[in-house]
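Open your viewer, get your selection tool ready and take this tour one stop at a time. Each stop tells you what to select and then what is there.

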Amino acid sequence: MISAVVAAALYVAGSSALAADAGDAAAGKKKTSMCVGCHGIGGYKTAFPEVYHVPKLGGQHAAYIVKALQEYKAGNRTHPSMRAIAAGLSDQDMVDLAAYYASDSIKSAAK
């Protein structure tokens, strides 16, 4: 039983990583308008539904970003604003955004 759970987790992690590799960073950059209002402000904290430190996206691993967006869309993560945003994203939108935020250009722009 445990080995089946581990195998399933590895499959999901691997498919997210492969999906992130298929992203188009240039296309992702064009899709960031919904992200920059919160994630583009260094040290920003939301006030709704509670005070929450908004994480930096630039430099995150693409597979992590894809997985997080998938989890918001599926309802497994609870932040209402992110759930609403992720609900409108296609799988391609997710991998494109992830490719952009994981790219070297966004990492160097933060310096």
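At every stop where we speak of contact or of residues that meet, we mean heavy atoms within 4.5 Å. Helices here are DSSP runs (H or I, at least four residues), numbered from the N terminus, as strands (E, at least two) are. This is a predicted model, in which local features need pLDDT of at least 70 and side-chain atom pairs count only at pLDDT 80 or more, while totals for chains, interfaces and linings use all residues. Residues are numbered from 1 along each chain as its sequence is written, and side-chain values use heavy atoms, with hydrogens and water left out.

**Stop 1: α4 against α5**

Select α4 (residues 62–74) and then α5 (80–87). Which residues meet here? On the α4 side they are Leu-69, Tyr-72 and Lys-73, and on the α5 side Met-82, Arg-83, Ala-86 and Ala-87. This contact divides into five nonpolar residues, no polar and two charged. For these classes, Ala, Val, Leu, Ile, Met, Phe, Trp, Tyr, Cys and Pro count as nonpolar, Asp, Glu, Lys and Arg as charged, and the others, Gly among them, as polar.

Now look along the axes. The two helices pack at an angle of about 95 degrees, with their axes 8 Å apart. Axes are lines fitted to C-alpha atoms, for helices over the stretch in contact, and angles run from 0 to 180 degrees between N-to-C directions. α4 and α5 are therefore roughly perpendicular to each other. On this scale, angles under 35 degrees count as roughly parallel, over 145 as roughly antiparallel, 65 to 115 as roughly perpendicular and the rest as oblique.

**Stop 2: Gly-88**

Step on to Gly-88, in the loop between α5 and α6. Is Gly-88 buried or exposed? With 59% relative accessibility, Gly-88 counts as exposed; the cut-offs are under 20% relative accessible area for buried, over 50% for exposed, and partly exposed in between (1.4 Å probe, protein chains only). Add Lys-73 to your selection: its C-alpha atom and that of Gly-88 are separated by 8.2 Å, with the two residues 15 apart along the chain.

**Stop 3: α4 against α6**

Keep α4 and add α6 (residues 91–102); these helices pack at an angle of about 140 degrees, with axes 8 Å apart. That makes α4 oblique to α6. Among the residues that meet are Ile-65, Val-66 and Leu-69 in α4 and Met-94, Val-95 and Ala-98 in α6. The whole contact has 10 nonpolar residues, one polar and one charged.

**Stop 4: the salt bridges**

How many salt bridges does the structure hold? There are three, each a side-chain nitrogen of Lys or Arg within 4 Å of a carboxyl oxygen of Asp or Glu.

Select Lys-31 and Asp-93, whose closest N and O atoms are 2.9 Å apart. Asp-93 lies in helix α6 and Lys-31 in the loop between α2 (25–29) and α3 (33–39), so this pair ties together parts 62 residues apart in sequence. Next add Asp-96, which also bridges to Lys-31, at 2.6 Å. Asp-96 is buried at 3% relative accessibility, while Lys-31 is partly exposed at 21%.

Finish with Glu-71 and Lys-67, whose side chains meet in a salt bridge (3.1 Å, N to O). Both lie in α4, four residues apart, about one turn of the helix.
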